[in-house]
Amino acid sequence: MSSAPSSRPTALVTGATAGLGAAYARSLAGRGHDLVVVARDVPRLEATAAQLRADFGVEVEVLAADLSDRAALERVAARVASTERPVDVLVNNAGFGLRQRFFDGVVADHERMFDVLCRAVMVLSRAATGAMVPRGRGRILNVGSVAGLVPGGGHYSAAKAYVIVLTETLAGELRGTGVTATVVEPGYVRTEFHARSGMSSGGSSTLSSRIWLDIDDVVDASLDDLFAGRSVSVPTKRWKAVSTVLDVLPRGLVSSVWNRMPSGAKRRHPTGRH
């Protein structure tokens, strides 16, 4: 890195080595941001940083951390809260899915999901606002999901519902401060996420494949909404329509239908304890 301070704004992205996180890092670098990239896999993190420096000529700081570890999370929170090296944009993206039901799945796996998808978002959002509000500027983007609107989408849906409500609450509290909070609620996205969770992806028919989004569909739309100060971003018209329907239908009906679908509860049967 250059010894001279950069005049570019800085964005911190969690889960920055794959999927949406890697795409957010590339897009923000392309929009003129230096980066702090956060993930568990150190070699992959270093490779990601080197590629971003080479492709965009930006400064990239590497911060290795497992966000389910409280000490590691506190290190990331301290970086977010830094006044000497301010973070202008926080992207809370890190997450994973479980191919398990909640009631008979592995408890430790569900605890880790809660720590990464909920607690880390809360801690880092709080650290960010504590630094951004006194400066009078800053933006927070939390990655939710349309699944957060579905009662019956397992523990993942419950976690994403928390992210949605927390962000909307935070957006209201931040009005007039110069700081904004946005939650993106994508539908199915073609990433490594489903493969790592033991789930299929991409769609097996012309109709089903059309509901799957390319990563750039989500990243470009949500960053546009973030910088426009919108509190909720639902990429593409088709998923906006789906989210509207889910919002107005009786929750009991949504839960009943979802749990009968192959993409619902059936895909979360435990794959075996290790």
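A residue counts as buried here when its relative accessible area is under 20%, and in this predicted model buried residues make up 50% of the 274 residues in the chain. The chain holds 10 helices and 7 strands, and it exposes about 12,900 Å², of which carbon and sulfur atoms supply 55%. Among contacts between residues at least 6 apart in sequence, 69% join residues at least 24 apart.

The interior can be approached through its nonpolar cores. The largest nonpolar core has 40 residues, and Tyr24, Leu35 and Val37 are the members that touch the most others. Helix H1, spanning residues 19–30, gives the most to this core, with 6 residues. The surroundings of valine 37 can be listed residue by residue: leaving aside its neighbours within four places in sequence, valine 37 is in contact with Val13, Ala16, Ala25, Leu45, Ala49, Leu52, Val60, Glu61, Val62 and Leu63. A second, separate core of 33 residues includes Val36, Val76, Ala171 and Leu174.

Ala171 also belongs to the buried residues of helix H5, which further include His155, Ser157, Ala159, Lys160, Val163, Ile164, Thr167 and Leu170. Helix H5 covers residues 154–173, and because each residue should add 1.5 Å, its 20 residues should span 28 Å, in agreement with the 29 Å between its end C-alpha atoms. The buried residues of H5 pack against helix H4 (107–135), strand E5 (138–143) and strand E6 (179–184).

The pairing of H4 with H5 can be described in more detail. Their axes lie 9 Å apart and the helices pack at an angle of about 10°; since angles under 35 degrees count as roughly parallel, H4 and H5 are therefore roughly parallel to each other. On the H4 side, the residues that meet H5 are His110, Met113, Phe114, Leu117, Cys118, Val121, Met122, Ser125 and Thr129, while H5 contributes His155, Tyr156, Ala159, Lys160, Tyr162, Val163, Leu166 and Leu170.

A last site to consider is phenylalanine 56, which is found in helix H2, a helix of residues 42–56. Phenylalanine 56 has a relative accessible area of 29% and is therefore partly exposed, because that class lies between the limits of under 20% for buried and over 50% for exposed. Leaving aside its neighbours within four places in sequence, phenylalanine 56 is in contact with Arg26, Ala29 and Gly30. Its C-alpha atom is separated by 9.4 Å from that of aspartate 34, although phenylalanine 56 and aspartate 34 are 22 residues apart along the chain.

Conventions
Residues numbered from 1 in each chain as written. Predicted model: local features only at pLDDT ≥ 70, side-chain atom pairs only at ≥ 80, totals over all residues. Heavy atoms only, no water. Helix = DSSP H or I, 4+ residues; strand = E, 2+ residues; numbered from the N terminus. Buried < 20%, exposed > 50% of the residue type's maximum accessible area, 1.4 Å probe, protein only. Contact = heavy atoms within 4.5 Å. Areas by Shrake-Rupley, 256 points an atom, 1.4 Å probe, with all protein chains shown as cover. Core = buried A, V, L, I, M, F, W, Y, C linked by side-chain atoms within 4.5 Å. Expected span 1.5 Å × (residues − 1). Axes fitted to C-alpha atoms, helices over the stretch in contact; angles between N-to-C directions. Parallel < 35°, antiparallel > 145°, perpendicular 65-115°, else oblique.
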